[in-house]
Every structure is written in structure tokens, then in C-alpha cells.
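Grab a pencil and work through these short exercises. Each one sets a task and then walks through the solution.

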Amino acid sequence: MVNYNPAEIEERWQLQWEKEDFYRSEIDHQQTKYYVLEMFPYPSGKLHMGHMRVYSIGDVLARFLRMRGYNVIHPMGWDAFGLPAENAAIEHRVNPAIWTVENIKHMKKQQNRLGVSYDWRREVNTSAPDYYRWSQWLFLMMYKRGLAYKKKASVNWCESCNTVLANEQVEKGLCWRCSSVVETRDLEQWFLRITEYAERLLNDLNKLEDWPERVKVMQHNWIGRSEGAEIVFQLKEFPGEEIRTFTTRPDTLFGVTSMVLAPEHPLVKKLVEGTEQEKEVLDFVSQMRRVSEIERTADEAPKIGLFTGRHVINPVNGEEVPILIGNYVLMAYGTGAVMGVPAHDQRDFDFARKYNLPVKVVIQPAGEVLNGDTMNEAYTGAGEMVNSGEFNDLPNHAGMEKVTAYLEQQGQGRFQVTYRLRDWLISRQRYWGAPIPIIYCDGCGIVPVPEEDLPVELPLEVELSGNRVSGLAHYESFTRVKCPTCGREAHRETDTMDTFICSSWYFMRYTSPQCQDAPFEKEAVDYWMPVDQYIGGIEHAVLHLLYARFFTKVLYDAGLSKADEPFSRLLAQGMVYKDGAKMSKSKGNVVTPDEIVEKYGADTGRLFILFAAPPEKDLDWSDQGVEGCHRFLRRIWRLVIDCREQFATGQGGSIYSTNEETLERSVHAAIKKVTLDIQERYNFNTAISAIMELVNAAYAYRQVAAKEEQNQSLLKDALQKIILLIAPFAPHLAEESWHLLEQKGSVHRQTWPEFDPQKLILDEVEIVVQINGKVRGRVTVPAECTEEELAQFAKSSERVGELLAGKMIIKVIAVPGRLVNIVVR
Ligand SMILES: [Zn+2]
Ligand SMILES: [Zn+2]
């Protein structure tokens with residue numbers, strides 16, 4: 001008896017696959033392509049269980065689809081720019097580039113040890129000059145298309161990361177990477193005009209039928225489209241000056257009792273100049289500059305307002321409305337001015353009650369009379385307009401349009417659509433990123449680096465200043481450059497790009513990673529894109545997944561690719577927990593892929609991780625569960641070894657028995673279940689259960705029938721099917737077993753087995769066939785069949801067929817298991 005020795009088997013096959021470039025993929029127009037992709041990792045140097053889970057999910061699909069006849073591309077690479085490499089440079093005095101390459105080497109070894117079927121010839125590393133050259137090229141392409149621009153703006157600043165952050169990278173006022181409190185700073189920064197794509201990014205969410213609903217909802221809310229009116233208020237004390245504001249409720253315009261400005265609003269200084277409020281207001285403004293926007297606008301933050309001593313005129317009724325400064329109004333959103341309608345907006349209501357502003361009801365719900373002096377909360381529902389002059393008695397929805405039309409006529413406003421989405425801030429004051437390829441010349445201004453001079457490479461020697469890696473401004477050899485236009489002394493942009501740029505297009509680079517004269521080859525990208533199945537974490541819902549969609553659309557518009565969405569199908573995998581908590585060093589509950597592979601082998605680890613929970617659900621690590629999966633693989637192994645010996649001796653008969661039928665039916669039932677569970681539902685756990693049942697059936701068959709009575713060809717067939725079905729999950733064990741049974745070629749190049757529905761029929765029953773209520777015959781049918789099938793069987797029986805000739809069938813009544821009555825005329 002040969003023991004199951006996963007370490008020996010797995011490493012031997014991995015070496016063989018590597019030697020043969022076994023999983024290479026090529027363009028083949030005769031075949032249907034399928035692009036399976038897992039989000040590429042940051043090369044931290046350590047593979048964790050979350051990685052192992054996402055790769056196992058991707059690999060099962062890739063292997064299954066190959067066997068189903070698809071031309072599968074399954075690449076892997078490295079999202080290699082970012083802060084940890086700089087920290088390593090400080091801690092270990094090692095160059096980030098060298099540290100990164102070492103980590104990649106190590107992680108790649110770990111991935112290979114899991115037996116994941118990557119086409120390594122397609123590997124990309126975003127920190128390699130031959131990759132970031134094209135990130136820079138794409139930046140310039142956007143610049144030329146007017147989609148990249150520089151401006152001074154209040155930006156989110158993380159002191160601990162020593163860099164600015166995009167809005168998407170601030171979560172509840174904290175840095176997404178290090179959880180420090182984010183501050184606001186005024187800086188000259190580069191932006192990408194993602195807002196230009198807001199409408200398309202929103203509308204095209206409808207095309208993404210196979211994305212999780214929650215991810216689409218998150219993007220939908222992040223883009224935040226709203227319809228309403230821009231309204232112009234004239235200033236009472238400064239004739240000719242105006243304040244613009246946006247509202248989604250122009251129907252409530254008659255109820256405005258305050259105008260609240262952001263502290264940064266450009267008019268503030270002028271408004272308070274010389275008033276008794278001047279000092280107080282300006283102090284408040286400078287105080288607000290030290291608080292982050294997110295903190296200011298948090299739901300639980302107190303709403304603070306200060307009167308400026310000035311007023312605006314309401315354009316519909318000429319009323320004077322006081323102007324206040326409020327901490328909760330932001331300049332970056334909308335116009336930095338909010339009209340206060342306390343009767344019909346809860347935030348305005350709270351604010352009005354706090355500062356004793358009048359509450360004026362202008363929408364009256366049916367069957368109720370609201371009173372502004374006594375109401376306890378704002379009324380935000382529908383109703384009829386009141387106290388609204390010529391618009392009185394209109395339903396408020398009709399009123400929205402009417403009021404907007406009136407304002408347009410008066411030149412005091414217009415219909416407007418606004419978005420919550422802001423332009424993407426991409427400048428980072430870091431060393432380890434792709435340099436922004438821009439040169440500043442005193443004579444020529446902003447000059448893009450000519451394409452032939454790309455890449456703008458990072459300086460090789462890293463300098464440290466204090467406990468930080470110096471930003472690029474520190475390296476004179478880098479910053480000094482001749483202006484490409486006029487030849488005079490000039491200097492380079494010293495910011496690097498947000499690493500999310502590198503990951504916004506890597507899936508296209510995979511299609512032709514060696515391409516030298518473009519980011520990717522047109523033929524390759526058009527053949528392989530879009531990604532058919534993308535697998536990764538939900539935490540990227542409004543970061544990477546939104547940015548990648550934006551890039552894909554820009555590339556589509558530029559004619560570089562035919563895909564206008566990057567990912568047809570998205571699977572957001574669940575987390576891996578142990579003892580009810582996320583695995584973490586501090587909790588001491590970490591299990592590493594290395595440990596599992598060493599103790600049980602990669603096949604067991606993969607099988608467990610897929611068996612323990614459906615892919616999108618959280619998974620609780622269980623040592624017993626791993627043991628169980630290992631025992632199951634050993635059971636397959638023993639079956640293979642035993643049968644192999646048995647086949648060699650030629651023992652066995654071919655006597656028909658009910659045992660055989662049972663085993664045969666189990667084979668087909670398993671094929672059906674595994675196929676549908678993988679293909680339609682991604683229920684890998686129930687697919688594995690079905691294989692377990694089949695293995696049990698094979699054992700049972702061998703126990704019931706004496707050896708000499710066992711049908712060898714049937715047993716052989718069952719065994720083959722078990723190996724084919726387990727191949728995507730436990731690729732090494734399957735490959736070894738396949739060879740032990742002296743089958744030809746690799747198990748991973750075999751066609752996926754088909755099931756025969758006939759073989760699934762459990763039992764047959766005889767039913768009565770009536771015509772117009774009279775018994776005219778009997779037919780034998782499968783015990784489990786639908787009413788339609790039953791009717792079909794009845795009509796096709798010979799005797800009944802004769803009787804039906806020339807008659808018109810009015811109705812067929814089928815009672816499964818009993819009878820069919822055919823009503824004719
Ligand atoms: Zn930070
Ligand atoms: Zn110049």
C-alpha cells in the first residue's frame with residue numbers, strides 16, 4: 001500500500017507544470033475566451049489566508065472552465081508601489097526596489113506551492129519601469145484629452161503618511177491606510193477629471209448584472225446624482241453681487257428663512273468687513289480651517305452658525321433673508337452656500353430652532369395642518385404648496401418644475417444636475433510611486449514629458465531624511481532637467497501618482513505584458529477584455545472598482561480598447577475568521593498558508609477553504625474541518641490505490657446487479673450537481689459534498705459486491721469521474737491519480753464529464769391514460785417527471801397515438817404518479 005504523501009506529489013507536479021509552461025494562454029479565435037482574474041496583491045512578502053482563499057476560488061474556476069473547453073487566461077502580478085516599501089527602507093536600510101523584488105520572489109514561490117494555475121509569462125510588476133512607463137503614458141494621454149489638470153485646492157492631508165489622500169481614501173475622517181485623523185491643507189495638486197464620467201459611471205451600473213447589488217449601491221451613492229435647481233440670490237447690501245445655491249427642492253423656495261455659507265466661501269470677508277460681527281466671524285473661519293471637512297460634517301458634530309449682519313433677497317417673494325456662516329456647509333460640494341428651509345429639511349430645522357430662525361411651512365400634507373411655531377420636526381414628504389404666491393395649491397412635485405421654469409424666465413436660476421463625486425486627486429508626496437511626467441519651465445509653463453523620454457525613472461539611490469524616505473523634491477539629479485520645448489533650465493514635477501492609478505489598468509497589460517510600443521496590443525486587449533470573472537475584496541467598492549471603470553471608459557473613448565466596462569462579473573469574497581475574530585497577530589489566531597501546506601499539503605488547504613463556506617460568505621477556520629478534508633483526500637487516494645491493484649489482477653465480472661445501477665446513478669448525479677454548482681451558483685462547498693457522496697457510493701459498491709463480481713469497467717468509470725470532478729479543487733492529487741490509473745495525458749487537459757439524464761431516472765411507474773375520461777391504455781414513465789413530460793409520454797404511446805389520430809386535443813390533465821386524461825373533440 002502506497003501512502004498518500006502530498007508534499008512529494010505536489011512539488012513533483014508543480015515542477016513539471018512549470019517546466020512545460022503548462023498554463024500558458026494564447027489568442028485563439030476558434031475558441032471562446034474566458035478571463036479569470038483575482039485582484040493582484042501588494043507584495044508584502046507574506047501570503048495570508050485571505051490570499052489563499054481568493055486564489056483558490058479563482059483557480060477552481062480557471063481549471064473548471066478550461067476543462068469545459070474555454071480558452072482561459074488566468075494571470076497574476078504585483079501592485080508594487082506604496083508605503084510599506086518605504087517603511088522597510090527605513091527599518092532595514094534596504095532599497096524599496098530590492099525589497100519589493102525579494103518579496104515578489106518569495107510570494108510567488110508561496111503561490112506556486114498552492115498549485116494555482118497562473119500563466120506566469122504574463123506577470124506584471126507596477127513598480128518596474130517597463131510598467132510605470134505606461135502608467136505615465138496614460139497620464140499624459142489624459143492630460144492631452146483635458147482629463148488631467150493641476151489646481152490649488154483644500155485637500156485631505158495625512159500627517160502620518162506624509163501625503164495627501166483622495167476623498168475615496170478617507171473613511172469617517174480617518175486615513176484608509178493608517179487610520180490617522182485626516183487634516184485639510186491648501187496645496188497645488190494634480191487631479192483626474194473623473195466627474196466628467198459621472199453620468200456614464202452611474203448609468204452603466206445597469207449593465208453590470210452580475211455584480212453584487214451592495215457594490216453597485218455603494219458606487220451609486222458615492223457618485224450621488226441629484227436633480228434640482230441652481231438659484232441666484234441677490235445681496236441686499238451689495239447691489240449687483242449675488243450668491244448661487246443648489247437645491248433639490250425648488251418647491252420649498254418660499255420657505256427660505258436663512259442663507260448659510262461655508263466658512264471658506266469667497267464672499268465671507270467682504271460681507272463682514274466693517275461690521276460688528278467681523279472679528280468673531282473671521283476667528284471662526286480660521287478655526288474651521290484646522291478641522292477636517294469630514295469632522296465638520298459628521299452627523300453627530302454640533303451645527304454651529306454665526307450671523308454676518310448681511311442679507312440676500314429671495315427671488316420669488318422679495319423677502320430679506322439673513323446670511324449666516326455654518327460649519328456644516330462645505331465649499332468643495334456644490335456652491336458652498338445652502339438655502340435654509342427649516343419646515344422641510346431636518347438639518348435646517350435643528351439649525352433654525354437652535355438660532356431662533358423662523359420656521360415657515362410651504363408644503364401642507366393632505367389631512368393635516370402644519371404649524372411652523374409648534375412642529376417638532378421637519379416635514380419632508382409630499383403635499384400641496386401653501387404660502388407660495390401664485391404657486392399655491394399645486395402638488396409640490398409639479399411645483400418643482402414650475403418654480404424652476406419661473407426662475408429661468410426671470411434669469412434667477414435654472415434646472416441643474418449635481419454629483420457628489422469629486423475629481424480624483426492623484427498627487428502623492430512620496431518617493432515610492434510612479435513620477436508624474438511633467439516639467440515646469442519658467443518660459444513655457446507646464447510641459448508634458450515627450451513620449452520618447454518615458455519612463456521618467458525614480459532615482460535609484462534612496463535618501464532618508466529623519467525617519468522618512470525623502471520625497472523626489474530632495475533629489476537634485478532628478479528635479480533638474482532641460483525644458484523639452486525651449487531647452488532652458490527647468491525642473492520636474494516631484495509628486496508621484498496615487499498607486500490606484502497603477503491598478504486601474506493592469507488587467508489590460510496582462511493581455512500583452514511585453515508590448516514595447518503601447519500600454520497593450522490592440523488585438524490582445526480586444527480579444528481578452530473584458531475580464532469575465534473578477535474576484536476580490538468588498539473594501540475596494542468605491543476605490544479600485546470605480547477607478548478601474550473610469551480608466552476603462554477613457555481608454556474606450558481614446559479608441560485603445562473596445563471594452564467600456566472592465567469586469568463583467570464580480571465576486572466579493574468573504575473574510576477568513578478564526579474563533580469568531582479576524583485573523584491577526586495581536587489576537588494570536590493566525591493560521592498561515594505555509595503551515596497548512598506543510599502539515600497537510602496544498603490540496604487539503606484548498607479543499608477546506610472552498611468547502612467551509614460559499615465564496616461570498618465569511619469563513620470560520622476550523623482545525624477539525626481541515627482534518628476532515630485531509631481524510632477525504634486520503635480516502636480517494638486509497639480507493640485509487642486499491643482499485644489499481646484490483647484492475648492489475650484482472651479480477652471482476654460483469655454481472656448486472658442493482659448495486660451497479662446505484663453506483664452508475666451516483667456517478668451521473670454527482671456530475672450534474674458538481675457542474676451546476678460550480679457553473680451557475682459558485683457553490684463550491686455543495687459541489688465538494690456531491691463528490692464526497694460519490695466516493696461513499698464507490699466504497700459501498702466495493703463492499704456489497706464480492707471482488708470477483710465487481711464490474712471493473714463500471715468501477716473504472718466511476719473512479720475516472722471522481723478524479724475529473726476533484727481535479728479543479730485538488731489538482732495535484734487528481735493528476736497523480738490519473739497517472740496511477742494509466743490514463744493518457746494530464747487530467748487538467750481532459751474534457752469535463754457530461755451527465756446522462758436517462759441515468760438519473762430513479763424508478764419507473766405505470767400510469768393510466770384516459771381519453772375523455774375512459775381508460776384507453778397504460779404507459780411506463782419515470783417516477784419523477786413533470787406534468788408536461790407526463791402528457792408527452794402519454795401522447796407518444798402507440799395505442800393512444802392511434803386513437804388520437806384525426807382528433808383535436810382540447811386539454812390534457814396530468815396527475816403525476818397516477819394518470820393522464822386527454823380531452824378531445
Ligand atoms: Zn495615513
Ligand atoms: Zn521652456
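Some vocabulary to begin with: a residue is buried under 20% relative accessible area, exposed over 50%, and partly exposed in between (1.4 Å probe, protein chains only). The model is predicted, so local features need pLDDT of at least 70, side-chain atom pairs count only at pLDDT 80 or more, and totals for chains, interfaces and linings use all residues. Residues are numbered from 1 along each chain as its sequence is written, chains are lettered from A and ligands numbered from 1 in the order in which they are written, and side-chain values use heavy atoms, with hydrogens and water left out.

**Exercise 1.** Work out which residues coordinate the zinc ion (ligand 2), and which of Cys441 and Cys486 is buried.

Step 1: look for donors, meaning N, O and S atoms within 2.8 Å of the metal (3.2 Å for Na, K and Ca); water is not among the atoms, so sites may look incomplete. You'll find the SG atoms of Cys441, Cys444, Cys483 and Cys486, lying 2.2 to 2.3 Å from the ion.

Step 2: check the geometry. Four donors count as tetrahedral if all angles lie between 85 and 135 degrees. Here the angles are 105 to 113°, so the arrangement is tetrahedral.

Step 3: read the spacing along the sequence, which is C-x2-C-x38-C-x2-C. Cys441 sits in strand β19 (residues 438–441) and Cys486 in the loop between β23 (480–482) and β24 (489–492), so this pair, 45 residues apart, links distant parts of the chain. Strands here are DSSP runs (E, at least two residues), numbered from the N terminus.

Step 4: compare accessibility. Cys441 is buried at 5%, while Cys486 is partly exposed at 37%.

**Exercise 2.** Do likewise for the zinc ion (ligand 1): name the donors and the geometry.

Step 1: the ion is held by SG atoms of Cys158, Cys161, Cys175 and Cys178, at 2.2 to 2.3 Å. Their spacing is C-x2-C-x13-C-x2-C.

Step 2: angles of 101 to 117° among the four donor atoms make the site tetrahedral.

Step 3: Cys175 is buried, with 2% relative accessible area, whereas Cys178 is partly exposed at 25%.

**Exercise 3.** Find the strand order of the open four-stranded sheet and its edges.

Step 1: two strands pair if DSSP finds at least two bridges between them. The order is β4-β3-β7-β17, with antiparallel pairing.

Step 2: β4 (163–165) and β17 (424–425) each have a single partner strand, so they stand at the edges.

Step 3: β3 (residues 148–158) pairs with β4 over three bridges. Cys158, a donor to the zinc ion (ligand 1), stands opposite Thr163 in β4.

Methods. Four donors count as tetrahedral if all angles lie between 85 and 135 degrees; four count as square planar and six as octahedral if opposite donors are over 155 degrees apart and all others between 65 and 115; anything else is irregular.
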